[in-house]
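This report walks through the helices of one protein chain and a few individual positions in its fold. The sequence and coordinates come before the description.

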Amino acid sequence: MVTLGVRRWETLEGSVQGVGKRRNQDWHDWRGTGTGADPLVLAVADGHGSAVHARSALGARFAVDRFLALATTFGRAAHDCHEPGRLTRLMTYARDDFPRALVHAWRQEALGHWDRNRPVVEEASREPGTEEKLVLYGTTLIGAVLTPWLFVAWQIGDGDLAVVEHDGTLVRPLAPAEEDLGDETESLCGREAWRAMRMHWAPLFEEARAPRLVVLSTDGLSKSFASADGYREFVSGLAGRLAEEGSTGVREALPDWLTQASRYSGDDTTLAAAVRPDTEADASVPVDAPEAARAPAAPGAPGAPEEPGEPGTTDARTPPGPAGGEVDMERTTET
C-alpha cells in the first residue's frame, strides 16, 4: 500500500520470460510510500539481449537500481516545490541534469562490473574501448516518481508509459512521434544517451488531479498487439477492472495476462504500475473502444472483447496537459 496525501496507492508488478528465451533480460523494481519524505519510485528496463549485448540483463538491473536511488533523492527534493521558483528549478534539473546523472551512474556501475569480471583472453588481445564495454550492458529504461505534489517520468528507448488521468483520459505522454524500426532503439549504452532521454513533467496542484493509474511496461507487452489501439485497450480495461473489482483479483490474474502477451510477442514482458483507488461515484464511465486488431486476450484479461461491459479507452491523442501558461504551472513532455 502506498499513500499519496490521504489516498492510498497500490502497486502491481510482474515479469514473464519470453518464449524460447534463455533468460529474462527485463528487470523492474519499486520503492517508497508516495509521501513527500518517501516518494513512490517505479522503473522497468529491457536489456537488449543479443550477442553483442551479452551482459544486458545485468545492464537492465543496474539501470533500475541507479534510477531508484537517484529518483528517490529527486523526489525528496520536491518536498518544498511549492516555494516560489522551486518548481521551475526542479523542472530544469529533471530535464537537463537528472538524465546526465543517471547515465553517468549507470556507466560507472557497468564499467565497475567489467573491471571485476574481465573475460579470460590471450595476453596479446586488445583491451576493448569504454564504449565497446558499455555496449555489452545495453538496455532501455522507463522510470517514474510520484509525490503528493509532482509526477515525473523519464524514458530512453522502447517500452511504454501509459497514464490514466484523474478524469479517465488515457495518454501515452512519452510515446515517440515515430516508432523505432524493427529492433533498433535508443539505449543507455549510446555515446550521448542523456540526449535521447524523454521526460514527462506533471505538477499536481490538487490531490484530485493525481493520476488514477500509471503503467510502465517493456515492449514485450505492446508488441503483443497488432496496433497501438490494442495496447490502449489493454490499459483502459486494466483501469476499468481495478475500479470495479479492486486490485486483489487483478494482481492474481496479471501473471496469466503477461504470459499471454509474451506468447504473442515472443519477448520478455514486464509491467509495473501504481494504482490510486478511486472513491468517486463516477470512477469508471464506459466508452466505446476500437476492436482489438489481433486475436483476443485471454478470457478475463483487461480489454478482452469477450468480456461485455468492459470500459474502453478514451482518445489517446489527448494532450497530457493544457498548453500555455508559466513553465512551472503546466504539464510538459520534453525530449
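A residue is called buried when its relative accessible area is under 20%, and exposed when that area is over 50%. By this criterion, 51% of the 335 residues of the protein chain count as buried. The model is a predicted one. Its protein chain has six helices and 12 strands, and among the contacts with a separation of 6 or more, 75% are accounted for by residues 24 or more positions apart.

**Helices α1 and α2**

Helix α1 covers residues 56–77 and helix α2 covers residues 86–116, and their axes come within 9 Å while crossing at roughly 150°. Because angles over 145 degrees count as roughly antiparallel, α1 and α2 are described as roughly antiparallel to each other. The crossing in which α1 passes α2 is right-handed. On the α1 side, the residues that meet α2 include Leu-58, Phe-62, Phe-67, Leu-70 and Phe-74, and on the α2 side those that meet α1 include Leu-90, Tyr-93, Phe-98, Leu-102 and Trp-106. Charged side chains also take part in this interface, among them Arg-66 in α1 and Arg-86 and Glu-109 in α2.

Gly-75 is found in α1 as well, and with a relative accessible area of 1% Gly-75 is buried. Not counting residues up to four places away in sequence, Gly-75 touches Gly-36, Pro-39, Val-145 and Thr-147. Its C-alpha atom is 8.2 Å from that of Leu-40, a residue 35 positions away in sequence.

**Helices α5 and α6**

Helix α5 has 18 residues, which at 1.5 Å a residue should span 26 Å, and its end C-alpha atoms are 26 Å apart, so the two values agree. Of these 18 residues 13 are buried, so α5 is largely enclosed by the rest of the structure. Gly-246, with a positive phi near 85°, follows α5.

Helix α6 runs over residues 247–265, and for its 19 residues the expected span is 27 Å, in agreement with the 26 Å between its end C-alpha atoms. Within α6 there is a bend of about 40° at Ala-253, and a proline, Pro-255, follows within four residues. The buried residues of α6 include Ala-253 itself, together with Val-250, Leu-254, Trp-257, Leu-258 and Gln-260. After α6 comes Gly-266, whose phi is positive, near 75°.

How are α5 and α6 placed relative to each other, in terms of angle and axis distance? They pack at an angle of about 150°, and their axes are 8 Å apart. With that angle, α5 and α6 are therefore roughly antiparallel to each other. The contact is made by Phe-234, Leu-238, Arg-241, Leu-242 and Glu-245 of α5 and by Ser-247, Val-250 and Trp-257 of α6. Val-250 and Trp-257, which take part in this contact, are also among the buried residues of α6.

**Individual positions**

Several single residues can be placed within the fold, and their accessibilities are collected in the table.

| Residue | Relative accessible area | Class |
|---|---|---|
| Lys-133 | 11% | buried |
| Arg-232 | 16% | buried |
| Ser-222 | 18% | buried |
| Ala-51 | 73% | exposed |

Lys-133 sits in helix α3, which comprises residues 130–135. Leaving aside neighbours within four places in sequence, Lys-133 is in contact with Leu-111, Trp-114, Glu-127 and Pro-128.

Arg-232 belongs to α5, which comprises residues 228–245. Arg-232 and Arg-172 are 60 residues apart in sequence, with a C-alpha to C-alpha distance of 8.8 Å.

Ser-222 lies in helix α4, assigned to residues 219–222. When residues up to four places away in sequence are not counted, Ser-222 touches Asp-160 and Tyr-231.

Is Ala-51 buried or exposed? At 73% relative accessibility, Ala-51 counts as exposed, and its place is in the loop between β4, residues 40–47, and α1. Between Ala-51 and Leu-136 the C-alpha to C-alpha distance is 8.3 Å, although 85 residues separate them in sequence.

Definitions and conventions:
Residues are numbered from 1 along each chain as its sequence is written. This is a predicted model: local features need pLDDT of at least 70, side-chain atom pairs count only at pLDDT 80 or more; totals for chains, interfaces and linings use all residues. Side-chain values use heavy atoms; hydrogens and water are left out. Helices (H or I, at least four residues) and strands (E, at least two) are DSSP runs, numbered from the N terminus. Buried means under 20% relative accessible area, exposed over 50%, partly exposed in between (1.4 Å probe, protein chains only). Contact means heavy atoms within 4.5 Å. The expected span of a helix is 1.5 Å times one less than its number of residues. The bend at a residue is the angle between axes fitted to the seven residues ending there and the seven starting there. Axes are lines fitted to C-alpha atoms, for helices over the stretch in contact, and angles run from 0 to 180 degrees between N-to-C directions. Angles under 35 degrees count as roughly parallel, over 145 as roughly antiparallel, 65 to 115 as roughly perpendicular and the rest as oblique. A crossing is left-handed if the near helix is turned anticlockwise from the far one by less than a right angle, and right-handed if clockwise.
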